[in-house]
Amino acid sequence: MIMASYAYYRLPYDDRYTVMEQTSGEPERVDSCAGLDGRSGFVVAPFAVSADCPVLLIRPDRIECRSVPEDVCRTAGADVAGGQAGTAASNVLRVHADRESYSEDFADCHSRLASGEFRKIVLARSEDVETVEGVDAGALFLRACRMYPRMFVVLVSTPVCGTWLAATPEVLLESGGGRWHTIALAGTMELKDSQMGFDNPPLRQGDSSADGISWSTKNIKEQRYVATYIADRLARFSTDCHEEGPRTARAGNLVHLRSDFTFTLADGLHTGSLIETLHPTPAVCGLPKDATFRHIVTNEHTRRSYYSGFMGPLNHDGYTRLYVSLRCMQIVDSRHYRLFAGGGLLKDSIEAQEWCETEAKMETMKRLLTATE
């Protein structure tokens, strides 16, 4: 029997979430991002499209809006306030992280950065986690909604891609009211203990927890690479593009540098073509884009699959909300999970610091596994 395909998603700062379910058959397989022109549904796209990792389009046979429960996951809040990795790790039985493979990948990437072949490349890794007690995927989704109100939270499951959960801060493409929106998000710092606190209330602007952040030259340069790339690509599609930023934006226990772009699409241009141009952005790939993309697909030890792809509703009720699949994990079963994280490398990157950055990013998902209601 074919399992149902569904997506649960909660937009940032919203107190409601949407359920889209395809009640029969498998989701449609789309050959490329450009093939999304004129389509509607819920998109699940991988980092690199292939026969075994296609772009998927879930048909919304059933749509329902539900309220996020008001109760707060208190243990999770204490974890965030503590700012310490693994403070509630009693539910984690074992973790497997391939440090040696990461070191090999870092050395390979760094040599190419030092030679000038690459200006930036994003190195990803995964970590397998086994828990003592199983947690229902739906419960994990609701925990993520309560713990991370600033993020786009999504739970998606199909017979093709399996089950994935993400709480991501990065917009790939949004539309509404005739205007389009995307962002350049790069650079990462962990918040200090004094700046932490549970990720509520969800302030739309001017998060006080991000005040006083001093950014390194490496982070500023990395974010500028991404912003310049996006501005260049958008210029091919619009003559009415406005950039704001960069500014500091909070995502859970981390902060990033973010620039926002709003624009209109020129007549006759298509959404699928724009998505094809933007994805993958330098925030998850690198520069030059084509060369770093080929290197990642050919050489990176981690098989990214749907990590660092994108997900979201496409042309649903006149809106598109596509987000990059970051801070995510694949749910193998109720006790086994594969967590993913990556970081942007420049020629002055230091391996130990980059590894710690991926550890901090994986905490977004680990806190869901260790929290209690």
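Helices and strands are DSSP runs, numbered from the N terminus. With that naming in hand, the second largest pocket of this predicted model is a good place to start. Strand S7 (92–97), helix H2 (99–115), strand S8 (120–131) and strand S19 (336–345) each contribute at least two residues to the lining of this pocket. Strand S8 gives the largest share, with five residues. In total, 24 residues line the pocket, and those nearest its centre are Ser126, Thr302, Arg303, Arg338 and Phe340. The lining is made up of nine nonpolar, seven polar and eight charged residues, and the pocket has a volume of about 350 Å³.

Strand S8 also holds valine 122. This residue counts as buried because its relative accessibility, 4%, falls under 20%. Leaving aside residues up to four places away in sequence, valine 122 touches Pro282, Ala283, Val284, Cys285, Ile296, Glu300, Arg304, Gly342, Gly343 and Gly344. One of these partners, isoleucine 296, is 174 residues from valine 122 in sequence, yet their C-alpha atoms are 8.3 Å apart in space.

A further residue to visit is asparagine 219, which sits in helix H4 (residues 217–234). Asparagine 219 has a relative accessible area of 7% and is therefore buried. A polar atom of its side chain lies 3.1 Å from the backbone nitrogen of threonine 188. Beyond residues up to four places away in sequence, asparagine 219 touches Gly187, Thr188, Met189 and Leu257.

Terms used:
Residues are numbered from 1 along each chain as its sequence is written. This is a predicted model: local features need pLDDT of at least 70, side-chain atom pairs count only at pLDDT 80 or more; totals for chains, interfaces and linings use all residues. Side-chain values use heavy atoms; hydrogens and water are left out. Helices (H or I, at least four residues) and strands (E, at least two) are DSSP runs, numbered from the N terminus. Buried means under 20% relative accessible area, exposed over 50%, partly exposed in between (1.4 Å probe, protein chains only). A polar contact is a pair of N or O atoms within 3.5 Å; within protein, one must be able to donate a hydrogen and the other to accept it, and residues adjacent in sequence count only if both atoms are side-chain atoms. Contact means heavy atoms within 4.5 Å. On a 1 Å grid over the protein atoms alone, a cavity is a set of points where a 1.4 Å probe fits but cannot get out, and a pocket is an open set with protein on both sides within 12 Å along at least five of seven lines; lining residues have an atom within 4 Å of a point. Grid points are joined across faces, edges and corners, and a volume is the space filled by probe spheres set on the points. Ala, Val, Leu, Ile, Met, Phe, Trp, Tyr, Cys and Pro count as nonpolar, Asp, Glu, Lys and Arg as charged, and the others, Gly among them, as polar.
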